[in-house]
Amino acid sequence: MRSAKIDALAGRMTRICGPEGVLTDPAQLATYECDGLTSHRCSPGLVVLPTTAEQVAAIVTACGQAKVPFVARGSGTGLSAGALPRADGVLIVTSRMRSIIAIDQRSRRAVVEPGVTNLAVSRAVEPFGLFYPPDPSSQVICSVGGNVAENSGGAHCLKHGFTVHHVTGLEIVAPGGELTWLGDGTGATPGYDLVGAFVGSEGTLGIVTKIIVRLTRIPESVTTLLAAFRTMGAGGSAVSAIIGSGILPGAIEMMDALAIEAAEAAVACRYPEGAGAVLIVELDGPAGDVARETASVRGICEAEGAYEIRAAQDAAERAAIWTGRKSAFAAVGRISPAYIVQDGVVPRTALPEVLDRIAELSAASGIRVANVFHAGDGNLHPLVLFDDARPGAEAAAEELSGAILDLCVSHGGSITGEHGVGADKSRYMPKMFGPDDLDTMQLLRCAFDPAGLCNPGKIFPTPRLCGEVPGVRREPHPLVASGELDQF
Amino acid sequence: MTVGSAADVLAQACSEVREAGPDDAVAGIGPRFVVRPAGLAEAAAVMRAAAAEGLTAVPRGAGTRLDWGAPPTSCDLVIDTRRMNRVLEYAAGDLVVRVEAGAGMSQLAAVLAAAGQRLALDPPPAGRRGAREKPGGPGTVGGVLACGAAGPLRLRYGTPRDLVIGMTVVRADGVVASSGGKVVKNVAGYDLGKLFAGSYGTLGLIAEATFRLHPLPEAISFVTLDARDPAAAHSAIEAAADSPLAPSAAEIDRPSRQAPVRVGILLEGDPEGVAERSARMTRLLGGGITSVSPVPPTWWGRGAAAPGGTVVRIAFWACALTEVIAGIDDAASTAGLDPVISGSAAAGVVHAAVDYRAAPDAVSRFVLSLRAAVGNDPAGGPVPPTAWPASRASVMVLRAPPDVSAAVDPWGPVPGLGLMRAVKDQFDPEHRMAPGRFVGGI
């Protein structure tokens, strides 16, 4: 049942965006009830689809005046429910803002609207010999605005960096409704690095309306190797040896036997039979360097017991090697009715121990876990498989997921390497950060969003009241004391 | 409150407290006290004490960049971080190091080099202004972070904020807070490391930082040439940056208006690869190659350390290099000056250094007309979308003699100033951390 406030707002939004830019029909609203994390659903009160930055500013201003919360959504591929709407709020969808405004090849910059897909940027600048390095697996669909919100990485981010390394300016609508630039595209703007603070803030500090991206020269040469090992341990040793030799590959990915089985069932990727683990190593750079590094990596893999090594000879073979890895998440649907995908990170040197521990936890609980991960940077994606038709199975899978995150944190890692905290992992934030850490982070939020209307309820388990004087709290938080919030 | 009471409160908080002397002046402001906390706990205690006593404070490492930016309007307390100089954790296998902010960059480099690794930052040693042009060292980790200091390697590896993956700070009220962590891939929570990098001590004290590292290259090579004019230098820089040869740096240096523009390209990697790429780079850049050598040219990366009383940093979109140099030349001519121009041309950052003997009003005129010629209009964005690509720049006076600092705003206009003020008000509501040192008088 929509509130009178939302009804009134709908009228105002129609004057801002035109009738085609406002959705009020419940069936249409329901199509926006979740992002890529389908376990969290909530139909928004209203959906608006602006086409200009000025419209976004007017929308946010209207929400502020009506004291209605708002959530931004790009392509809706996020995996932490960062774009989970509010039933009492407005969902601002940026998919109609998808122009590539300008490309400055000589400065290696492009200016794009937030709804432009990640891959569209690289495609647009390819004629100039340039590309946009952050490459999440969802890059065909995911939006640059969403990438900014999550500080997205992708398989190639160990060497090439994440979104925050490739954004040099942002035009945003601040939560108070002002349209303002952060940074000027140079990457050396005087003042506080608000671009650096904004990237990865998961839509809680405002809505980005233009992004100045930094472009990178396409490497002269790329080689892709697939190496099959009998055990995960051998694969892990190979990874350590490669990094230890001083080589920085463009990507190192690893999959275990269960993940390989799923990928095979889904896309018939024909990875070597009997593999306990496969490693995909990609090397990029000047031709001579890549040739030498490829030979080194081959030698290292053989020394660590690889029983089969394939090297892609052309783009088609390269794509074939990657197909299995890129399909892995969706593929586990072939071997399990449901699954939870985690996004923990551990220091690379802790990988072997953590993987062993995950196997122990899996065996003890009887819950299967398929492992796919960015071995180069220790970013794990354990896929916890369960049958949602069985009572208690989901809860048990959640518990195992939580235990895996505990494992990551106890080894000095993180609860999220690239998917974000969103609504899904806010309850785990206290595992990584103490109350003073979270309190201090929220000072930033108070600076941008004192009214608390911009994607509220995401990231932080307990919101900070912005009128508060910073300092150590001695009594329970007022919202906890009143029973409105749980303290985790 | 009396001087005695503040001294007592500080002495309870910190094992090393003394009254400040003439050498402790911060950009001409004489503080009352200098404290040297032994570690994080004392640093927090000191900040609590300063809060209790209402003392304004400026953090100081080696003091090599204390005169960057605007002079603070007040400085009761200098917080000297150099006792906090430990390497706390170093996991060579993970290419990650956690270090206290008072550690020297050279000290840290030596530790990392022993394991064949490096923190890929090469900020030039910052000299003192004026007649006492004593070269300083590269400074401390905290100072480099707080000032966002970078050098030629910025082209490939970025600036301090690109390499920091975790940070522990002490807030103005004494609360200790951490963000990020010890792994390169980490998006949990806000990244305070990005916020504090380049904040010039105005948000709090940087106590510890965790960095991602890179392997030390086995071989390096500098390919240098003399270009007859800025346009020719620009062509060479573009050719190098556009090439597939992955240069780590592409720098220019012009000692005076009449001199040729020296161009230097740095290539790093394994010995065979570096030799191969140097040969390819030489062919690519055509004639005029003055040398290919593993030794840097004498002028390499002097950037902010260029001899001079005033150093101006211009950040621009790289396509505009020729126009930017022309803008510097015009502005300098009208003021009767001939600055040294040097910097990371391919990365869109150059410095203009004016001799310390130049008349202050001439220097002020130079800065103001340079800003008018090439500067940003922050209200409208880099330039209106109809005029892309941008050829607008920011002009910041990194350091200058007091008469110049008094006459011209070192920072110039910046976008997002309103939000920056809001951030400052949240982190340091009493405005006691390096007040007045930052953009917009923050």
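**Exercise 1. Chain A overall**

Work out how many helices and strands chain A has in this predicted model, and what its radius of gyration tells you when set beside that of a compact globule.

*Solution.* Start with the secondary structure: there are 17 helices and 18 strands in chain A. Next, take the chain length. For 488 residues, a compact globule would come out with a radius of gyration near 23 Å, and chain A has 23 Å, so the two agree. Now look at the extents: along the principal axes, the C-alpha atoms fill a box of roughly 65 × 55 × 45 Å. Burial comes next, and 59% of the 488 residues in chain A count as buried. Finally, check the contacts with a separation of 6 or more: in chain A, 71% of them are between residues 24 or more positions apart.

**Exercise 2. Chain B by the same route**

Find how many helices and strands chain B has, and say why chain B can be called as compact as a globular protein of its length.

*Solution.* Chain B has 13 helices and 19 strands. For 442 residues the globule rule gives 22 Å, and the radius of gyration of chain B is 22 Å, so this chain is as compact as a globular protein of that length. Its C-alpha atoms take up a box of roughly 70 × 55 × 45 Å along the principal axes. Of the 442 residues in chain B, 62% are buried. As for contacts between residues at least 6 apart in sequence, 71% of those in chain B join residues at least 24 apart.

**Exercise 3. Where the chains meet**

Count the residues on each side of the contact between chain A and chain B, then pick out the element of chain A that gives the most to its side.

*Solution.* Counting first: 79 residues of chain A touch 73 residues of chain B. On the chain A side, the top contributor is helix 16 (residues 435-448), which supplies 9 residues. Sorting that side of chain A by class gives 31 nonpolar, 31 polar and 17 charged residues.

**Exercise 4. A helix pair across the interface**

Decide whether helix 16 of chain A is oblique or roughly antiparallel to helix 13 of chain B, and list the residues through which they meet.

*Solution.* Get the geometry first. The axis of helix 16 of chain A comes within 8 Å of the axis of helix 13 (residues 417-427) of chain B, and the two cross at roughly 135°. Roughly antiparallel would need an angle over 145 degrees, so helix 16 of chain A is oblique to helix 13 of chain B. The crossing is right-handed.

Now for the residues. Helix 16 of chain A brings A:Leu443, A:Leu444, A:Cys446, A:Ala447 and A:Phe448, while helix 13 of chain B brings B:Leu419, B:Ala422, B:Val423, B:Gln426 and B:Phe427. By class, this contact has 9 nonpolar residues, 1 polar and no charged ones.

**Exercise 5. A proline in a loop**

Locate A:Pro219, decide whether A:Pro219 is buried or exposed, and find what A:Pro219 contacts beyond its sequence neighbours.

*Solution.* A:Pro219 sits in the loop between strand 11 (216-217) and strand 12 (221-229) of chain A. Burial takes 20 or more other C-beta atoms within 10 Å; A:Pro219 has 20, so it is buried. Setting aside neighbours within four places in sequence, A:Pro219 contacts A:Asp284, A:Gly285 and B:Pro244. A:Leu283 lies 64 residues away along the chain, and its C-alpha atom is 9.6 Å from that of A:Pro219.

**Exercise 6. Helix pairs within each chain**

Work out how helix 8 of chain A is oriented to helix 13 of chain A, then do the job again for helix 8 and helix 10 of chain B.

*Solution, chain A.* Helix 8 (residues 232-244) and helix 13 (residues 351-365) of chain A pack at about 160°, with their axes 10 Å apart. That angle makes helix 8 of chain A roughly antiparallel to helix 13 of chain A. Their crossing is right-handed. A:Met232, A:Gly233 and A:Gly236 of helix 8 make the contact with A:Leu351, A:Pro352 and A:Leu355 of helix 13. The class count is 4 nonpolar, 2 polar and no charged residues.

*Solution, chain B.* Helix 8 (residues 230-242) and helix 10 (residues 321-334) of chain B have axes 9 Å apart and an angle of about 150°, so helix 8 of chain B is roughly antiparallel to helix 10 of chain B. This crossing is right-handed. B:Pro230, B:Ala231, B:His234 and B:Ile237 of helix 8 meet B:Leu321, B:Thr322, B:Ile325 and B:Ala326 of helix 10. The contact divides into 6 nonpolar, 2 polar and no charged residues.

Definitions and conventions: Residues numbered from 1 in each chain as written. Chains lettered and ligands numbered in written order. Predicted model: local features only at pLDDT ≥ 70, side-chain atom pairs only at ≥ 80, totals over all residues. Contact = placed C-beta atoms within 7 Å. Helix = DSSP H or I, 4+ residues; strand = E, 2+ residues; numbered from the N terminus. Nonpolar A, V, L, I, M, F, W, Y, C, P; charged D, E, K, R; others polar. Rg over C-alpha atoms; globule rule 2.2 N^0.38 Å. Buried ≥ 20, exposed ≤ 12 C-beta atoms within 10 Å, placed from the backbone. Axes fitted to C-alpha atoms, helices over the stretch in contact; angles between N-to-C directions. Parallel < 35°, antiparallel > 145°, perpendicular 65-115°, else oblique. Left-handed = near helix turned anticlockwise from the far one by under 90°.
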